[in-house]
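Please open the structure in a viewer and keep the selection tool at hand. The tour below proceeds stop by stop, stating what to select and what is found there.

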Amino acid sequence: MKKLVVLMLALIMTLSCVSALADNVKMDKLTFQFVPSKDADVIITGTANLPELVKAEMAKLGYDIGEVEISVGTSYEATGEAMSAGTIDVGWLPGGTYAIYSQNKEVDVILTATRAGLSNDSENPADWNGDANKTLPTDEQVTFYRALIYAAPSEKGKALAAKVNAGEQLTWDELNDCVWAVANTSSSAGYIYPTMWLMDHYDGKKISDLSSVITLGYADAFAQAASEQVDIVCCYADGRRDYETAWNLPVDQQDETGKQGMGREDSIWNEMNVIGVTPAIYNDTVAITTANPAVYNPEFINALQQALINIISTDEGAEIFSVYSHTGYAIASDSDYDGARQALTVVK
């Protein structure tokens, strides 16, 4: 009798599942495309199991998808163009690319990639300075990072830092009298967002308006700051963490990652003082085309958001998305990327 009851319950559950699946929305095909931030072969290999995971999760959420096709665009712009035309349904777009193709509402963001946060997110530069305010990683997942404007331990850099740490405002003339080390013009943290910071604080003036600017990679920028050849460095917010050990090593030694020693005696936290904090730079997006009503509707978007969040929360999913260095996904809003759209003006 007990076996019969168990069999009947199993049959009822099976029939319920079949009935639920029968009510699912049917889709022949869903197309995903990744931008070529790494070799296409690496991305295709790394995401090989993603289609089956997506189909399984979406089935639980009300959608039976016949095929999930994954491809890699020939360029960032190629993926944006394909989404604009509706030939690609879902794309993994960097913030800057999303800003371009969202201006005319051709694509819409549904998720933002997350990364490990930092112990400090203050907009007051003085709060970042000194050993007591050393920037540490946290377990919190965040959807953005910031760029910082650092004063080097040169004579001029020290003067700037002293004013900021005393709560005083810097003048344009003081900044213009310094040697700036910046990254190339396409770098969000090393050029674009520091330019936006200048524009916001100094009546629209930009890095291009400064008297003395040199373009350096981050390693060279910190090395020249250590040797007091530059006064100001523009870099991402955890830049000092990356050069903390090398900062105090003799110049004829290297740290464990191969960074050359910079020969300073005091800590990088005491000597590289923050004098400016930029607006948030939002992480990569998962975006959706607005040209295909089968996918661009609230019900489908909600399901896909939940499916991708569920997938990346598993070990297998985390391994798949590690190809993009994504550790999680969070629900996103188009307004999160207003700063990225403003950055387009800076680039122009």
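Which element gives the largest share of the lining of the largest pocket? The answer is H14, which supplies five residues. Please bear in mind throughout that this is a predicted model.

**First stop: the largest pocket**

Select helix H14, residues 338-347. Then add helix H4 (76-85), helix H5 (95-102), strand E4 (107-118), helix H8 (188-201) and strand E12 (281-282); each of these elements, like H14, supplies at least two residues of the lining. To find the middle of the pocket, display Pro94, Gly95, Tyr145, Ser188 and Asp284, which lie nearest its centre among the 41 lining residues. The space in this pocket amounts to about 1000 Å³. Colouring the lining by class will show 22 nonpolar, twelve polar and seven charged residues.

**Second stop: the second largest pocket**

Keep H8 selected and add E11, since each of the two supplies at least two residues of the lining of the second largest pocket. Next, display Pro125, Gln169, Trp197, His201 and Ile275; of the 19 residues that line this pocket, these lie nearest its centre. Its volume is about 320 Å³. By class, the lining comprises nine nonpolar, six polar and four charged residues.

**Third stop: the open sheet**

With E11 still in view, turn to the sheet to which this strand belongs. Five strands make up this open sheet, in the order E9-E8-E10-E7-E11, with mixed pairing. At its edges are strand E9 (213-215) and strand E11 (273-277), each of which pairs on one side only. On average, neighbouring strands of the sheet are turned by 30 degrees against each other, direction ignored.

Within the sheet, select strand E8 (residues 180-182) and strand E10 (residues 232-236). In which sense do E8 and E10 pair? They pair in the parallel sense, over two bridges. One residue to label is Ala181, whose bridge partner in E10 is Val233.

Now add helix H6, residues 155-165, which packs on the sheet. H6 touches strand E7 (147-151), E10 and E11, and its direction makes about 65 degrees with that of E11. Helix H9 (residues 218-226) comes next: it lies across E8, E9 and E10 and runs at about 145 degrees to E10.

**Final stop: salt bridges**

The whole structure contains 15 salt bridges. Two of them are suggested for display.

Select Glu52 and Lys55, which form a salt bridge with their closest N and O atoms 3.1 Å apart. Both residues lie in helix H3 (residues 50-60), three residues apart, about one turn of the helix.

Then select Lys105 and Asp334, whose closest N and O atoms are 3.8 Å apart in their salt bridge. This pair links distant parts of the chain, 229 residues apart. Lys105 is in the loop between H5 and E4, whereas Asp334 is in the loop between strand E14 (328-331) and H14.

Terms used: Residues are numbered from 1 along each chain as its sequence is written. This is a predicted model: local features need pLDDT of at least 70, side-chain atom pairs count only at pLDDT 80 or more; totals for chains, interfaces and linings use all residues. Side-chain values use heavy atoms; hydrogens and water are left out. Two strands pair if DSSP finds at least two bridges between them. Helices (H or I, at least four residues) and strands (E, at least two) are DSSP runs, numbered from the N terminus. Axes are lines fitted to C-alpha atoms, for helices over the stretch in contact, and angles run from 0 to 180 degrees between N-to-C directions. Contact means heavy atoms within 4.5 Å. On a 1 Å grid over the protein atoms alone, a cavity is a set of points where a 1.4 Å probe fits but cannot get out, and a pocket is an open set with protein on both sides within 12 Å along at least five of seven lines; lining residues have an atom within 4 Å of a point. Grid points are joined across faces, edges and corners, and a volume is the space filled by probe spheres set on the points. Ala, Val, Leu, Ile, Met, Phe, Trp, Tyr, Cys and Pro count as nonpolar, Asp, Glu, Lys and Arg as charged, and the others, Gly among them, as polar. A salt bridge is a side-chain nitrogen of Lys or Arg within 4 Å of a carboxyl oxygen of Asp or Glu.
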